[in-house]
There are 2 protein chains.
Amino acid sequence: MTSTYTYPKLSDEGVKTIVNEINHYALSNGLVMYKDTNNLANETAVAPITLFPTIISKNDFEQAVNSQTIYNKLYANILLDEKNWLSNEISKTSHLDPDFTGKLYDLYVKYESDKVYKKQNLQLGIFRNDFLIDHLDGGETSIKEVEFNTISVSFGGLSNKVSKLHEFLFDSDYYTFAGKDGNSFHNEKIEVPVSESLQNIAKSLKLGVDSFEKQQDQKNTIVLFVVQPNERNVFDQRLVEYELFNKYKIKSKRITIDQVDSLIKKNEKDSKLYYENGSLISVVYFRACYSPNDFLSKKSWENRLYLELSLSIKVPTLKMQLAGSKKIQQLLTNKDILYRFIDDPKESASLLDTFVKIYPLDDSKDGNFAKELIKENDPEILSNFVLKPQREGGGNNIYKTDITPYLLKTYPNEKDWDAFILMELIKSVPTSGNIILRNNELYNVNILSELGIFGSVLIDDKSKKILYNTYDGWLLRSKLSDSNEGGVAAGFGCVDSLALI
Amino acid sequence: MTSTYTYPKLSDEGVKTIVNEINHYALSNGLVMYKDTNNLANETAVAPITLFPTIISKNDFEQAVNSQTIYNKLYANILLDEKNWLSNEISKTSHLDPDFTGKLYDLYVKYESDKVYKKQNLQLGIFRNDFLIDHLDGGETSIKEVEFNTISVSFGGLSNKVSKLHEFLFDSDYYTFAGKDGNSFHNEKIEVPVSESLQNIAKSLKLGVDSFEKQQDQKNTIVLFVVQPNERNVFDQRLVEYELFNKYKIKSKRITIDQVDSLIKKNEKDSKLYYENGSLISVVYFRACYSPNDFLSKKSWENRLYLELSLSIKVPTLKMQLAGSKKIQQLLTNKDILYRFIDDPKESASLLDTFVKIYPLDDSKDGNFAKELIKENDPEILSNFVLKPQREGGGNNIYKTDITPYLLKTYPNEKDWDAFILMELIKSVPTSGNIILRNNELYNVNILSELGIFGSVLIDDKSKKILYNTYDGWLLRSKLSDSNEGGVAAGFGCVDSLALI
Ligand SMILES: Nc1ncnc2c1ncn2[C@@H]1O[C@H](COP(=O)(O)OP(=O)(O)OP(=O)(O)O)[C@@H](O)[C@H]1O
Ligand SMILES: Nc1ncnc2c1ncn2[C@@H]1O[C@H](COP(=O)(O)OP(=O)(O)OP(=O)(O)O)[C@@H](O)[C@H]1O
Ligand SMILES: [Mg+2]
Ligand SMILES: [Mg+2]
Ligand SMILES: [Mg+2]
Ligand SMILES: [Mg+2]
């Protein structure tokens with residue numbers, strides 16, 4: 001469908017003008033990223049970006065938006081489940097990923113069995129559900145879920161900025177200046193919306209602060225951002241901090257997980273956490289700790305548990321992080337499991353609509369079927385699949401015909417394959433006409449776009465209630481269509497925004 | 001007085017923390033400047049900046065603020081004067097500066113005598129009055145005017161940002177973290193205010209747009225920014241454009257004076273100006289054309305007149321630009337002249353309080369006295385003076401004992417000295433304890449600070465009325481105390497803000 005839409009065809013002069021507008025806007029408004037890790041100091045560069053917002057069907061977008069609070073509810077219900085289905089499921093496979101899921105799960109078990117520290121009954125989730133647009137044979141499109149992220153979801157800040165930039169360019173007629181050349185931006189029905197993801201993420205953090213302060217009868221508490229050292233995408237995080245400060249006068253501090261034992265103190269009596277300057281920490285917001293690379297020492301793992309075993313509200317808790325496992329995503333594509341957590345048939349049907357087939361590689365019927373597929377190694381069949389380990393952060397997936405050789409070579413013992421899921425590839429069709437600007441170079445290439453929808457929940461373990469459940473804005477990331485993954489910071493993608501039609 | 005105040009004494013770790021906070025804040029919020037003219041594209045750097053706001057007496061600050069609307073009125077009244085005193089005075093010496101004042105005045109005369117084009121009766125002024133703090137012998141301080149700028153006043157954008165940064169650091173306890181070490185930021189009475197200069201300058205431009213649109217019964221007009229090519233300080237200007245767009249949906253376009261004939265069209269019937277995309281230009285806002293270097297061709301001078309001879313509101317008109325001459329400033333220190341334009345004795349007295357002695361170098365009594373001083377060439381006496389030609393933009397003044405040899409050598413004919421004014425040096429005392437951060441290097445040096453007060457007027461030549469007269473915020477620029485001039489972009493100064501006590 002989108003392929004019939006066309007982008008402005010700019011003259012060389014027009015391109016120069018728009019690029020200049022983009023550079024000035026981005027550098028004035030924090031739409032930036034450190035250029036490389038050599039100078040994370042006083043100089044920065046325009047974030048990789050598209051010249052135009054990418055044209056997407058309004059129906060598809062609205063379907064994704066409308067699903068967010070249902071997805072939020074699904075994960076909230078999993079976390080609130082009396083029988084702790086989540087823990088039971090994770091325990092079955094976590095030992096197969098001893099470097100990460102296994103360790104996270106061990107910490108979670110220690111947390112659960114701890115009898116020393118006071119526990120926080122509130123959990124705050126700041127999520128992002130990622131979709132690709134599937135192209136069906138009849139030319140129809142529909143959104144399909146790539147993955148549900150429960151920890152360290154990024155680009156809420158930059159998405160707000162890039163969508164405002166594109167709105168600025170659109171409203172200032174830079175997209176229609178070339179005259180009536182049939183480009184879709186002349187269409188009166190086209191909308192270039194702004195993502196309020198920055199404002200909404202800050203609002204959710206404020207809710208965490210307020211809830212803690214009310215619960216504990218405290219004031220002037222702070223948010224602790226747990227971050228990676230040498231973060232190139234630091235401005236995306238900082239924008240949230242400045243929004244918290246400017247709008248709500250809420251202060252924040254940033255530390256790495258390795259600094260916890262030197263900068264944070266816990267009151268052993270009431271389990272309250274304090275920053276070294278004496279500020280009480282109401283919310284611990286993880287923008288790190290989603291990958292084993294973030295834990296470079298035994299101490300860093302201990303620090304993670306230290307934070308968990310405190311009265312601060314964690315965004316997310318270890319349990320909430322584990323709920324975002326690819327294994328859990330796979331299990332939820334099973335209707336019986338899904339119905340358990342979303343009993344409204346209309347709601348569960350709307351989620352099922354967005355799932356593609358995901359196979360386990362265990363000894364179930366589905367699992368054995370999938371393992372056979374892999375062993376048969378038919379290139380045509382395997383070209384429809386991606387193999388995913390339990391990792392976040394990009395660059396970990398194995399695609400198509402690489403799957404079989406990879407598994408056979410690296411995991412000769414088939415039992416170990418259960419650490420992976422096998423996911424059907426979403427057949428998203430590259431679009432052409434938009435232009436990527438990165439490092440001051442233009443790439444007039446086919447792109448693939450991934451739509452992320454932000455959402456938040458605040459849940460109460462004690463009352464087993466969902467106290468807050470919202471849609472928080474969106475993100476569009478686009479990448480060269482011939483690169484398999486789309487990490488913007490990692491180096492192959494860029495931030496984009498939407499033109500709805 | 002201010003010398004008894006002390007700044008935080010930071011540990012090495014404390015400095016590192018604050019510098020990191022400054023870098024992130026500045027790069028996220030457009031508190032930036034292009035690093036050099038080689039890459040005015042996709043990379044930028046933190047603007048030269050101080051670590052702390054500079055401590056200034058609240059009295060001095062308030063005196064400067066309170067004088068602004070009186071200064072505005074003074075210049076408005078000069079412009080509205082029925083006898084055109086301004087033109088008469090400028091005509092006497094403009095031929096002595098044939099490269100610039102002479103040419104500006106010629107254009108002005110052509111404008112006045114033109115009978116072809118429709119003229120705009122509204123003039124909008126966006127001014128900045130600059131002060132130094134004079135230190136009297138008894139230890140008292142008082143503010144003294146350096147110069148009144150009527151064209152292209154800059155740093156309204158960055159001043160808002162740097163004051164917000166310092167407020168953020170102060171409110172986040174970065175200045176008191178080191179503990180009660182007697183530093184003045186522990187003082188409960190200290191205030192770290194925010195300059196609303198960005199918001200107010202945009203508001204004044206909007207007033208220009210609204211006034212034009214009402215007058216002409218038009219809508220959706222734009223502001224034309226006339227700028228220099230390769231402007232390093234472009235973000236300061238862009239911030240105003242984005243404020244106009246975000247708050248008022250007013251669009252703007254940027255051109256250099258050399259591009260006027262190719263990008264701007266005038267309707268010969270009604271003298272309305274249009275940008276090449278067809279947008280009607282309500283306001284022409286000069287962020288260039290204040291120096292002969294901005295006019296590199298005959299065409300550029302013609303373009304300047306072309307803009308003047310249009311119905312658009314000019315910020316400023318040629319006449320308003322000429323009112324900002326140093327010659328006019330000198331004349332206004334004459335009480336009789338001052339009283340002509342500000343008849344309220346309290347008001348004129350409050351202005352006189354802020355003047356230092358300025359001599360003409362003409363054949364008046366004062367002028368002959370000053371010329372004698374120069375020729376006597378007593379180093380002790382001349383060390384109290386600065387010689388100023390009619391130029392803007394810094395780097396043109398001649399200081400102290402350089403004055404006599406300069407004049408004797410360059411202007412052997414004493415008649416030509418009348419192009420200059422001889423101004424008493426304001427005895428401002430350097431302060432120590434603040435730290436300059438520029439290009440990622442720290443300078444723990446004595447600094448001199450110059451306070452700028454922004455203000456606007458809208459005046460009507462027809463009714464001879466002042467329609468609008470406001471104080472618009474402030475700017476503090478600081479420089480190493482051993483460099484004679486304080487241009488931030490030019491390379492020796494930095495943007496600072498205020499801590500009032
Ligand atoms: N089923 C699929 N069909 C098509 N492409 C997919 C599919 N699953 C993943 N991808 C592609 O691979 C990328 C990475 O996959 P995924 O997001 O699941 O991994 P990740 O390691 O969790 O990455 P991150 O958390 O950084 O987004 C996606 O952004 C998408 O481009
Ligand atoms: N009377 C004075 N006493 C002390 N210092 C002065 C005096 N006049 C000027 N200076 C110093 O010289 C600098 C430049 O002077 P001035 O502002 O008059 O020149 P300019 O060419 O108009 O510069 P610009 O328009 O860029 O500010 C001032 O910022 C101040 O530091
Ligand atoms: Mg992903
Ligand atoms: Mg992920
Ligand atoms: Mg000056
Ligand atoms: Mg000046």
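Contact means heavy atoms within 4.5 Å. This is a predicted model, in which local features need pLDDT of at least 70 and side-chain atom pairs count only at pLDDT 80 or more. Residues are numbered from 1 along each chain as its sequence is written, and side-chain values use heavy atoms, with hydrogens and water left out.

Q: Which residues is Asn121(B) in contact with, leaving aside its neighbours within four places in sequence?
A: They are Gln215(B), Ile459(B), Asp460(B), Asp461(B) and Lys462(B).

Q: Why is Asn121(B) called buried?
A: Buried means under 20% relative accessible area, exposed over 50%, partly exposed in between (1.4 Å probe, protein chains only). Asn121(B) has 12% relative accessibility, so it counts as buried.

Q: What makes the arrangement around the magnesium ion (ligand 4) irregular?
A: Six donors count as octahedral if opposite donors are over 155 degrees apart and all others between 65 and 115; four count as square planar on those limits, or as tetrahedral if all angles lie between 85 and 135 degrees; anything else is irregular. Here the six donor atoms subtend angles of 61 to 164°, so the arrangement is irregular.

Q: Which residues are the protein donors of the magnesium ion (ligand 4)?
A: Donors are N, O and S atoms within 2.8 Å of the metal (3.2 Å for Na, K and Ca); water is not among the atoms, so sites may look incomplete. Glu147(A), listed with two OE entries, Asn149(A) (OD1) and Glu392(A) (OE) lie 1.8 to 2.5 Å from the ion.

Q: Why are Asn149(A) and Glu392(A) called buried?
A: Asn149(A) has 7% relative accessibility and therefore counts as buried; Glu392(A), at 14%, is buried as well.

Terms used: Chains lettered and ligands numbered in written order.
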